Amino acid sequence: MVERLREISKRPIKLMEVCGTHTMAIGKSGIRTVLPAEIEFVSGPGCPVCVTADSDIDAFMELAGERRVTLVTYGDMMRVPGSAGSLAELKAEGADIRVAYSSLEALAFARGEPQKEIVFLGVGFETTAPATAHAVKSAVAEGLPNFSVYNLHKTVPLAIRALLAGDGVQIDGLILPGHVSVIIGETPYAFIAAEFGVSGAIAGFEPPEIMAAIVRLAGDINAGKPRISNIYTKAVEPEGNLVAQGMLDEVFAPGDAEWRGLGVIPGSGLEFREGFASFDAAKRFSIERREVRLDRGCSCGEILKGMIKPSDCPLFGSRCTPERPVGPCMVSSEGTCAAYYLYNDMANVDQPTQM
């Protein structure tokens, strides 16, 4: 496939992998290092931890630190810094914060400890949101009054639209997220080629699958025929997972959401429908988002839009490392900065100064 890429690469093109799992897979497999010089790769807003806004981080920190609740979260959120520290620091000070692998684990805490208010931190895209919806429906069925969700779920297609419509972002092709596509299918991406003239390819996560997507994109771009391709047909049906979509639609409705680097994107969030509003932890505990703009000196926002690479951030590899992260892109296991640092995947850019 590398030879095929060299044959069809006629001009410089810029590709973006939207998904953080792809970012890690590309770094770990060394794909960037074997690509023709004409192909440049940048990363996009496909890491749910990375795109969580500072205002949301401070809000759930307030919930965990000042309220008598047990906060249950995915592990990646523990070290993301807000204006008053991180969940890991709050836990060290005695707050009841627990790490779980799924929303159903949080539900089990509520079931087993009825005297405590259990709040699940719902972070993620269409991939994890159906599981949160399932947990909420289960809580309804079991009559669990002590379970709620601080809901930060977001949807990917509208973020891609905002990215392509924004200033200063020039992308020729997108590697589209496999996990999200399992849920939503192919149709929600049609606007990418039809309205923006940009090619997209849904890809799996093994190196040959990613390379196949790159070959497809390079061919379409050089032929001047933008289209959306599905290279992950073993997992992604054209219409997606209708059961999961039905569950999402039953529990959630589209709502506005703030994305780090992209700002507020109308309709890109998932809000509880009226019938499930009692499970909204922000309302149950009267938590309000406040405007927060932290000046850490890091460049996560620009990196998430593909405008710069991690090595362009003045903190990368010196003040900001996986051991001492400054921004979420270095904290998350799907973060671009973490991927570049861990796999030393710095083709055509400087190497990190500290390992």
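Let me begin with A139, which is buried, with a relative accessible area of 1%. This residue lies in helix α7, residues 129-142, and I should say straight away that what we are looking at is a predicted model. If we leave aside the neighbours within four places in sequence, A139 is in contact with L107, L144, F147 and F279. The C-alpha atoms of A139 and L104 are 9.8 Å apart in space, with these positions 35 residues apart in sequence.

From there I would like to move to the sheets, starting with the open one of four strands, whose order is β4-β3-β5-β6 and whose pairing is parallel. The edges are taken by β4 (97-99) and β6 (147-151), each of which has a single partner strand, so one side of each is left without a neighbour in the sheet. From one strand to the next the twist averages 25°. Within this sheet β3 and β5 run parallel and are joined by three bridges, and V72 stands opposite F120 in β5.

Two helices pack against these strands, and they deserve a moment each. Helix α4, residues 54-66, packs on the sheet and touches β3, β4, β5 and β6, its direction making about 155° with that of β6. Helix α6, residues 103-112, lies across β3, β4, β5 and β6 as well, running at about 170° to β5.

Now to the other open sheet, which has five strands in the order β2-β1-β7-β8-β9, again with parallel pairing. Here β2 (39-46) and β9 (228-230) stand at the edges, and each has a single partner strand, so one side of each lacks a neighbour in the sheet. The twist in this case averages 20° from one strand to the next. Strand β1, residues 13-19, runs parallel to β2 and is joined to β2 by six bridges, with K14 standing opposite E40 in β2.

The antiparallel sense appears in the pairing of β10 with strand β11, residues 263-272, which extends over seven bridges. These two strands form a hairpin with three residues between them, and in the turn G261 has a positive phi of about 90°. One of the facing positions is A253, which stands opposite E271 in β11. How enclosed is strand β10? Six of the eight residues of this strand, residues 252-259, are buried, so β10 is largely enclosed by the rest of the structure.

Let me turn to the aromatic rings, where the count comes to seven aromatic pairs. Take Y74 and F120, whose ring centres are 5.5 Å apart and whose planes stand at 85°, so the pair is edge-to-face. Y74 lies in the loop between β3 (70-73) and α5 (87-92), whereas F120 is in strand β5, residues 118-122, so this pair ties together parts that are 46 residues apart in sequence. Both Y74 and F120 are buried. Another pair is F316 and Y341, with centres 6.1 Å apart and planes at 75°, so here too the description is edge-to-face. This pair links distant parts of the chain, 25 residues apart, with F316 in the loop between α14 (300-304) and α15 (328-331) and Y341 in helix α16, residues 336-343. F316 and Y341 are also both buried.

Rings meet charges in this model too. R98 lies over the face of F109, at 4.8 Å from the ring centre, while the charged end of K154 sits over the ring of W259, 6.0 Å from its centre.

Two further helices remain on my list. In helix α8, residues 156-165, which residues are buried? They are V156, P157, A159, I160, L163 and L164. These residues cover an arc of only 160° around the axis, which puts them on the same side of α8. As a general point, an α-helix has 3.6 residues a turn, so residues three or four places apart point the same way.

Finally, S29 is found in helix α2, residues 20-29. Is S29 buried or partly exposed? At 32% relative accessibility S29 counts as partly exposed, because the buried class requires under 20% and the exposed class over 50%. The C-alpha atoms of S29 and P207 are separated by 6.5 Å, although these residues are 178 residues apart along the chain.

How values were computed. Residues are numbered from 1 along each chain as its sequence is written. This is a predicted model: local features need pLDDT of at least 70, side-chain atom pairs count only at pLDDT 80 or more; totals for chains, interfaces and linings use all residues. Side-chain values use heavy atoms; hydrogens and water are left out. Buried means under 20% relative accessible area, exposed over 50%, partly exposed in between (1.4 Å probe, protein chains only). The arc is that of the directions from the helix axis to the C-beta atoms. Rings of Phe, Tyr and Trp (its six-membered ring) pair if their centres lie within 6.5 Å; planes under 30 degrees apart count as stacked, over 60 as edge-to-face and the rest as tilted. A charge sits over a ring if NZ of Lys or CZ of Arg is within 6 Å of the ring centre and within 35 degrees of the ring normal. Two strands pair if DSSP finds at least two bridges between them. Axes are lines fitted to C-alpha atoms, for helices over the stretch in contact, and angles run from 0 to 180 degrees between N-to-C directions. Contact means heavy atoms within 4.5 Å.
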